[in-house]
Amino acid sequence: MRVLVTGGAGFIGTNLVRRLLSEGHEPLIFDDFSSGLESNVEDLDVRVHRGSLVQPDVVMGAAKGVEAIVHLGARGSVPRSIVHPVATHEVNTTGTLNVLEAARAQGAHVILSSSSSVYGANPLLPKVERTWTQPLSPYAGSKLAGEGYMLGYQASYGLPTLVLRFFNVFGPWQRPDHDYAAVVPKWLWKMMTGQPIEVHGNGTQTRDFTYVDSVVDVLVDALHRRVSLDSPVNLAFGKRVSLLDVLAQMETLLGVTPAVEFTAPRVGDVLNSENDPTLLRSIFPTVEPVEFDVALQKTAEWLKAHHES
């Protein structure tokens, strides 16, 4: 299968491209390398299209001849979207529209990585797909708009699309070293390098963390079966962990007790996040989660081997 992976040199994209290659598929990478790294994929025998999602002609050209597109490319981070809302909209919303136009020209199956952040101010736990959404940030709003375009193209043009809402994905190939890094790699890396840890809020906020291998399992299964659905699907397994518990598990795992500074909560952050995996399990019954402690250890081992580079 010939698959275009937008954001293919990023964290999840790198994991997916490597899996597809191992299974004999032909992945193509589309990336502007604004956050993805060339070093992630330089050892792979794969064609790389360098370009931006906001360039419709470039996206169209990269998608020529593909059977499917996994659209992972995005301008991530809630805090960054608050600082740069227009750029976030252009990449995440207009970029998704450009991907859909390219997919329509090819008749390609499209899978979108959306985000649990679209639930925003909705306090319901666990999160159920057909409940209401109320974004708290431009990032969340841009992802919800992208979802709308995906479902609209499916209804209007019969384009096979699948929207997956990711919940706090972590694992190997995730960068720990930039201002908007996710909490798991950032904290592990800071502990390994003797730096203090900053906790926004009091640390009691919870997240439904998902190991990247489980996400890739779902993506590959969806590609194989050309899964299309007229509603989003939450991709998490219903096991939330507080940030204080994450910190404690990291301390035990690494044998390090870092200096911790508690700061004001960040604008746009949700307090608690947990998925109801009923729909996910009904569509992808063979996919199983990796327990958080096991996933944390695997991630730490990868970072120990790679953090210097």
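Helices are DSSP runs of H or I with at least four residues and strands are DSSP runs of E with at least two, both numbered from the N terminus. The legends below use these element names for a predicted model.

**Figure 1. Overall view of the predicted protein chain, with its 11 helices and 13 strands.** The radius of gyration is 18 Å, close to the 19 Å that the globule rule gives for 309 residues, so the protein chain is as compact as a globular protein of that length. The C-alpha trace spans about 55 × 45 × 40 Å along its principal axes, and buried residues make up 53% of the 309 residues. Among contacts with a separation of 6 or more, 79% join residues that are 24 or more positions apart. Carbon and sulfur atoms hold 50% of an accessible surface that comes to about 13,100 Å². The side chains include 25 positive and 33 negative ones, and the centres of these two sets lie 3 Å apart.

**Figure 2. Close-up of the largest nonpolar core, which has 59 residues.** The residues with the most contacts inside this core are Ile 12, Leu 16, Leu 164, Leu 219 and Phe 284. Helix α8 (residues 212-225) gives the most to the core, with 8 residues. Leaving out residues up to four places away in sequence, Leu 219 touches Ile 12, Leu 16, Val 70, Leu 72, Ile 111 and Leu 164. Apart from this core lies another, of 21 residues, whose members include Leu 28, Ala 63, Val 66 and Leu 159. In soluble globular proteins, nonpolar side chains tend to be buried together.

**Figure 3. Close-up of Leu 188 in helix α7 (residues 183-192).** Leu 188 has a relative accessible area of 0%, and because buried means under 20%, this residue counts as buried. When residues up to four places away in sequence are not counted, Leu 188 touches Met 250, Leu 254, Leu 296, Thr 299, Ala 300 and Leu 303. The C-alpha atom of Leu 188 is separated by 9.0 Å from that of Leu 247, although these two residues are 59 residues apart along the chain.

**Figure 4. Close-up of the loop between β5 (109-115) and α6 (138-157), where Val 128 is found.** Pro 126 is also found in the loop between β5 and α6, and the peptide bond that leads to Pro 126 from Leu 125 is cis, with omega near -5°. Val 128 counts as partly exposed, at 33% relative accessibility. Beyond its neighbours within four places in sequence, Val 128 is in contact with Tyr 119, Asn 234 and Asp 276. The C-alpha atoms of Val 128 and Asn 234 are separated by 7.7 Å, whereas along the chain these residues are 106 residues apart.

**Figure 5. Close-up views of Asn 168 and Arg 226, two loop residues with positive phi.** Asn 168 is found in the loop between β6 (161-166) and β7 (169-170), and its phi is near 45°, a positive value in a residue other than glycine. With a relative accessible area of 28%, Asn 168 is partly exposed. Arg 226 is found in the loop between α8 and β11 (233-235), and phi of Arg 226 is near 50°, which is likewise a positive value in a residue other than glycine. Arg 226 counts as partly exposed, at 39% relative accessibility.

Methods: Residues are numbered from 1 along each chain as its sequence is written. This is a predicted model: local features need pLDDT of at least 70, side-chain atom pairs count only at pLDDT 80 or more; totals for chains, interfaces and linings use all residues. Side-chain values use heavy atoms; hydrogens and water are left out. The radius of gyration is taken over C-alpha atoms; the globule rule is 2.2 Å times the number of residues to the power 0.38. Buried means under 20% relative accessible area, exposed over 50%, partly exposed in between (1.4 Å probe, protein chains only). Contact means heavy atoms within 4.5 Å. Accessible areas come from the Shrake-Rupley method with a 1.4 Å probe; for residues, only the protein chains shown count as cover. Lys and Arg count as positive and Asp and Glu as negative; His and the chain ends are not counted. The place of a charge is taken as NZ of Lys, CZ of Arg, CG of Asp or CD of Glu. A nonpolar core is a set of buried Ala, Val, Leu, Ile, Met, Phe, Trp, Tyr and Cys residues joined through side-chain atoms within 4.5 Å.
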